[in-house]
Amino acid sequence: MGLAPQYLKAAVGSFGPRASVLPDRERSREGVSVDRSHLAAYARVCGFAVDDVLPPTYPHVLAFPLQVELMADRAFPLPLPGLVHIRNTITVYRGIDAAEPLDVRVHAERFVAHPKGAQVDLVARVDAGGEPVWHGRSTYLARGATAPAADGDPAPAPPPGVSGGALAAVWRVDGGTGRRYAGVSGDVNPIHLHPLTARAFGFPRAIAHGMWTAGRALAALQGRLPAGLTYDVAFGKPLLLPSTVELHAAPAGDGWNLDVRQRVGAVHLTATVRP
């Protein structure tokens, strides 16, 4: 998806002073066509069935290049290299057919302090036929950075995870998972690609993309999801590559509670799925 030059630009521009406030601008693309071969490749990497209806997490990869454009600019207050995705909320208003032309818009908001540094939200909206069909909010953390104190309503509590939920799957996540997901998502953040580049940002090994883990967990519920849903995900401990992890799922009203964890110890993801 051609985002490596943007990451290189961001790496070169990560030195020196940066803006102290978010840029008041939006990035957009109109009439976006879904490439069927790319959609199929994404589905295979994440475990979704190949279908004409977009997986709920797929529009994120359509919006992601616009996120990177915003974050790679020197006017953005946080350096892109090393940013960690810590929360994601997706709302799908209806099923989206791959044949529909889509309008995609992205802006940044809520640049606030975090106990470990600073965080910011990248907000995306996807329209089809002049109507909203998908909305996503991605929260990123810059460790050690500074930001203004929180202003306004606090962020909602993270999803609770699963207590005593059934073991839904065991995944053996190999060391190439980050590179394969980078190939379909365009997210070539070096923390995902190789142990050496991950160590430069403080990780002992490469880590899986949070959105790969989120997509893989949702794919396990195929056939049991409504066309319209909200998927709220909090990312916990980084999923080091390679690893063996467990997916746990428990019904919750009309939806599901999920988590992805080690058999003993670290929880990598907690999530809720609601109609």
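## A ten-strand sheet and its helices

Strand 2 and strand 7 run antiparallel and are joined by six bridges. In this pairing, Asn88 has Val233 of strand 7 as its bridge partner. The model is a predicted one.

**The sheet**

Strand 2 and strand 7 belong to an open sheet of ten strands. The strand order is 1-3-4-5-2-7-10-9-8-6, and the pairing is antiparallel. Strand 1 (26–32) and strand 6 are the edge strands, and each of them pairs on one side only. From one strand to the next, the twist averages 15 degrees. Strands of a sheet pair through backbone hydrogen bonds, either parallel or antiparallel.

Strand 7 covers residues 229–235, and six bridges tie it to strand 10, residues 267–274. These two strands run antiparallel. Val233 has Ala271 as its bridge partner in strand 10. Tyr231 is matched with Val273 of strand 10.

How much of strand 7 is enclosed by the rest of the structure? Six of its seven residues are buried, so strand 7 is largely enclosed.

**Strand 9 and its neighbours**

Strand 9 is mostly covered, with seven of its seven residues buried. In a regular strand the side chains alternate between the two faces of the sheet. Here Gly255, Asn257, Asp259 and Arg261 point one way from strand 9. Trp256, Leu258 and Val260 point the other way. Both sets are buried.

Strand 9 pairs with strand 8 in the antiparallel sense, over seven bridges. Pro251 has Trp256 of strand 9 as its bridge partner. On the other pairing, six bridges join strand 9 to strand 10, and these strands also run antiparallel. Val260 stands opposite Leu269 of strand 10.

Both pairings form hairpins with a glycine at positive phi. The hairpin of strand 8 and strand 9 has two residues between the strands, and Gly253 has a positive phi near 65 degrees. The hairpin of strand 9 and strand 10 has five residues between the strands, and the phi of Gly265 is positive, near 110 degrees.

Positive phi values also occur just after two helices. The table sets the four glycines side by side.

| Residue | Place | Positive phi |
|---|---|---|
| Gly47 | just after helix 2 | about 95 degrees |
| Gly186 | just after helix 4 | about 85 degrees |
| Gly253 | hairpin of strand 8 and strand 9 | near 65 degrees |
| Gly265 | hairpin of strand 9 and strand 10 | near 110 degrees |

**Helices across the sheet**

Which strands does helix 3 lie across? They are strand 1, strand 2 (84–92), strand 3 (102–114), strand 4 (117–128) and strand 5 (131–143). Helix 3 runs at about 55 degrees to strand 3.

Helix 6 lies across strand 2, strand 6, strand 7, strand 8 (243–252), strand 9 (255–261) and strand 10. Its angle to strand 7 is about 135 degrees.

Phe64 sits in helix 3. Phe64 is buried, at a relative accessible area of 4%. The C-alpha atoms of Phe64 and Gly186 are separated by 7.7 Å, although the two residues are 122 residues apart along the chain.

**Helix 2 against helix 4**

Two packed helices are described by the angle between their axes and the distance between the axes. Helix 2 and helix 4 pack at about 155 degrees, and their axes are 9 Å apart. An angle over 145 degrees counts as roughly antiparallel, so helix 2 is roughly antiparallel to helix 4. The crossing of the two helices is left-handed.

Helix 2 brings His38, Ala41, Tyr42, Val45 and Cys46 to the contact, and helix 4 brings Arg180, Tyr181 and Val184. These contact residues divide into six nonpolar, one polar and one charged.

In helix 2, the buried residues are His38, Leu39, Ala40, Tyr42, Ala43 and Cys46. Their cover includes helix 3, helix 4 and helix 6.

Helix 4 spans residues 177–185. Its buried residues are Thr177, Gly178, Tyr181, Ala182, Val184 and Ser185. The cover of these residues includes helix 2 (36–46), helix 3 (58–72), strand 6 (166–173) and helix 6 (210–219).

Terms used:
Residues numbered from 1 in each chain as written. Predicted model: local features only at pLDDT ≥ 70, side-chain atom pairs only at ≥ 80, totals over all residues. Heavy atoms only, no water. Buried < 20%, exposed > 50% of the residue type's maximum accessible area, 1.4 Å probe, protein only. Helix = DSSP H or I, 4+ residues; strand = E, 2+ residues; numbered from the N terminus. Contact = heavy atoms within 4.5 Å. Pairing = 2+ DSSP bridges. Axes fitted to C-alpha atoms, helices over the stretch in contact; angles between N-to-C directions. Parallel < 35°, antiparallel > 145°, perpendicular 65-115°, else oblique. Left-handed = near helix turned anticlockwise from the far one by under 90°. Nonpolar A, V, L, I, M, F, W, Y, C, P; charged D, E, K, R; others polar.
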